[in-house]
Amino acid sequence: NLRPHHTGYHMTLALDSTVKQARSTAIFNAINAGAGAGVIKFYSAPRPVTGAVPTGTLLGTITLTDPCGTVDNVGLHLVAEAVTQAIAGGVITWARVTDSDGTFVFDGDVRDASAPDIAIADFLIDSQVVYAGGFLVLASAVLAEGG
């Protein structure tokens, strides 16, 4: 019995609270594994294969606090160290989170919070357009777990 291979399914998991907290804690520990604070780097297109060498232009970096935030039964709440400035202008299409040593933790697609396709976004931001020298502010970031 052959079945066609489908991609692009979006599913919502309803996880036990202990499992949710364990997943969030594992990501928290990965971001904090380096010698200092982890980071979120924002790039223009194209997004590479997961964990591969970044493609596109690095538009800006937000340094997280050390440790990177807190974990609760909702998920991982990331906290930024300070407001930073964009190093280049462009359109942010994806982001990479690493520990302070540059070790890959996760990649995610970025969408403008008012865009019609926010359901496929991993990061929602006020505007995907940035200008060199413009401010990058992490006001709220929660890596929420299902359920």
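**Entry 1: strand pairing**

I count two strands as paired if DSSP finds at least two bridges between them. The model I am reading is predicted. I began with β2 and β3, which form a hairpin with 3 residues between them. I found the two strands running antiparallel, joined by 4 bridges. As one position in this pairing I noted Gly-69, which stands opposite Leu-78 in β3. β3 covers residues 75-80.

I then looked at the other pairing of β2 on my list, with β1. Here 5 bridges join the strands, again in an antiparallel arrangement. I noted that Phe-42 has Gly-60 as its bridge partner in β2.

**Entry 2: cis peptide bonds**

I looked up two peptide bonds that precede proline. The bond joining Ala-45 and Pro-46 is cis, with omega about 5°. I placed Pro-46 in the loop between β1 and β2. The bond from Asp-66 to Pro-67 is also cis, and its omega is near 5°. Pro-67 is in strand β2.

**Entry 3: Asn-32**

The second cis bond led me to Asn-32, since Asn-32 touches Asp-66, Pro-67 and Cys-68, leaving out residues up to four places away in sequence. I located Asn-32 in the loop between α1 (17-31) and β1. Is Asn-32 buried or exposed? Its relative accessibility is 18%, and it therefore counts as buried, because the cut-off for buried is under 20%. I also recorded that a polar atom of the Asn-32 side chain lies 2.9 Å from the backbone nitrogen of Cys-68.

**Entry 4: salt bridges**

How many salt bridges does a search of the whole structure find? I got 2. My general note is that side chains of opposite charge can pair when their charged atoms come close.

One of the two joins Asp-109 and Arg-47, with 2.8 Å between the closest N and O atoms. Asp-109 belongs to strand β7 (residues 104-112) and Arg-47 to the loop between β1 (39-43) and β2 (58-71), so the pair ties together parts 62 residues apart in sequence. I checked the exposure of both partners. Asp-109 is partly exposed at a relative accessible area of 22%, and Arg-47 is partly exposed at 31%.

I found a salt bridge between the side chains of Asp-107 and Arg-96 as well, at 2.6 Å from N to O. Asp-107 is in strand β7 and Arg-96 in strand β6 (residues 94-98), so this pair ties together parts 11 residues apart in sequence. I noted that Asp-107 and Arg-96 are both buried.

**Entry 5: around Arg-47**

I went back to Arg-47 for its surroundings. Which residues is Arg-47 in contact with, leaving aside neighbours within four places in sequence? I listed Thr-55, Trp-94, Asp-107, Gly-108, Asp-109 and Asp-122. Among them, Asp-109 also makes a polar contact of 2.8 Å, side chain to side chain, with Arg-47. Asp-107, the partner of Arg-96 in its salt bridge, is in this contact list too.

I took one C-alpha distance from Arg-47, to Thr-93. The two C-alpha atoms are 7.6 Å apart, while the residues are 46 positions apart along the chain. Arg-47 lies in the loop between β1 and β2, and I placed Pro-46 of the cis bond in that loop as well.

Notes. Residues are numbered from 1 along each chain as its sequence is written. This is a predicted model: local features need pLDDT of at least 70, side-chain atom pairs count only at pLDDT 80 or more; totals for chains, interfaces and linings use all residues. Side-chain values use heavy atoms; hydrogens and water are left out. A salt bridge is a side-chain nitrogen of Lys or Arg within 4 Å of a carboxyl oxygen of Asp or Glu. Buried means under 20% relative accessible area, exposed over 50%, partly exposed in between (1.4 Å probe, protein chains only). A polar contact is a pair of N or O atoms within 3.5 Å; within protein, one must be able to donate a hydrogen and the other to accept it, and residues adjacent in sequence count only if both atoms are side-chain atoms. Contact means heavy atoms within 4.5 Å.
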